[in-house]
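Me: Please walk me through the model below, one question at a time. I would like the cut-offs along with the answers.

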Amino acid sequence: RVCEKYNISKETIVGKKRTAHIVTARHVCMYALREAIEMTYTDIAKIFSCHHTSVMAAMEKLEREKSTDKEFADELNSLIKDLKESIA
């Protein structure tokens, strides 16, 4: 769903490119895995070939962004809700 929302392939989202659009999508994907599926930081880090502290930093960054950007917060909350419903 994150790939569809940001029009990015799975390969790109788990890759190493660092353009702003891709990094945002990657962080949203990490956040979704943590919030909707309750994966551990370590397991998420394995998917993205990074350190668990990078995942933690992404979570913190998105929490800060949610607190300052209501539209982004609403979009992110809606995505998490949709993912949880599709899993249940």
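**Rings and charges**

Me: How many aromatic pairs does the count come to?

Reply: This is a predicted model, in which local features need pLDDT of at least 70 and side-chain atom pairs count only at pLDDT 80 or more, while totals for chains, interfaces and linings use all residues. Residues are numbered from 1 along each chain as its sequence is written, and side-chain values use heavy atoms, with hydrogens and water left out. Rings of Phe, Tyr and Trp (its six-membered ring) pair if their centres lie within 6.5 Å, and are stacked with planes under 30 degrees apart, edge-to-face over 60 and tilted otherwise. By that rule, the number of aromatic pairs is zero.

Me: Over which ring does the charged end of R34 sit?

Reply: A charge sits over a ring if NZ of Lys or CZ of Arg is within 6 Å of the ring centre and within 35 degrees of the ring normal. K5 gives one such case, with its charged end 5.5 Å from the centre of the Y6 ring. For R34 the distance to the ring centre is 4.0 Å, and the ring is that of Y41.

**Salt bridges**

Me: How many salt bridges does the count come to?

Reply: Side chains of opposite charge can pair when their charged atoms come close. A salt bridge here needs a side-chain nitrogen of Lys or Arg within 4 Å of a carboxyl oxygen of Asp or Glu. With that cut-off, the number of salt bridges is three.

Me: With which residue does E75 form a salt bridge?

Reply: The closest N and O atoms of this pair are 3.2 Å apart, and the partner of E75 is K5. Helices are DSSP runs (H or I, at least four residues; strands are E, at least two), numbered from the N terminus, and the pair links distant parts of the chain, 70 residues apart, with E75 in helix 6 (residues 70-87) and K5 in helix 1 (residues 2-6). Buried means under 20% relative accessible area, exposed over 50% and partly exposed in between (1.4 Å probe, protein chains only). E75 is partly exposed at 33%, and at 42% so is its partner, K5.

Me: Which residue meets K70 in a salt bridge?

Reply: K70 is exposed, at 59% relative accessibility, whereas its partner is partly exposed at 38%. Both lie in helix 6, four residues apart, about one turn of the helix. The N to O distance is 2.9 Å, and the partner is D74.

Me: What is the N to O distance between E85 and K81?

Reply: E85 and K81 are separated by about one helical turn, because they are four residues apart in helix 6. Their side chains meet in a salt bridge, with an N to O distance of 3.7 Å.

**Inside the helices**

Me: Which residues of helix 4 are buried?

Reply: Helix 4 spans residues 41-48, and its buried residues are I44, A45 and F48. They lie on the same side of helix 4 because they cover an arc of only 105° around the axis, the arc being that of the directions from the helix axis to the C-beta atoms. They pack (contact means heavy atoms within 4.5 Å) against helix 2 (10-13), helix 3 (20-36) and helix 5 (52-68). To name the buried residues once more: I44, A45 and F48.

Me: Which side chain of opposite charge is nearest to K66?

Reply: K66 lies in helix 5. Leaving aside neighbours within four places in sequence, K66 is in contact with Y31, F72, A73, L76 and N77. Lys and Arg count as positive and Asp and Glu as negative, with His and the chain ends not counted. K66 is buried yet has no salt bridge, and 4.1 Å away is the nearest side chain of opposite charge, E63.

Me: Is H27 buried or exposed?

Reply: H27 is found in helix 3. Beyond four places in sequence, H27 is in contact with A58, M59, K61 and L62. At 14% relative accessibility, H27 counts as buried.

**Loops**

Me: What is the phi of S49?

Reply: Most residues other than glycine have a negative phi, and most peptide bonds are trans. S49 lies in the loop between helix 4 and helix 5 and is exposed, at 53%. Phi of S49 is positive although the residue is not a glycine, with a value near 50°.

Me: What is the phi of N7?

Reply: N7 is in the loop between helix 1 and helix 2. With 72% relative accessibility, N7 counts as exposed. N7 is not a glycine, yet its phi is positive, at about 55°.
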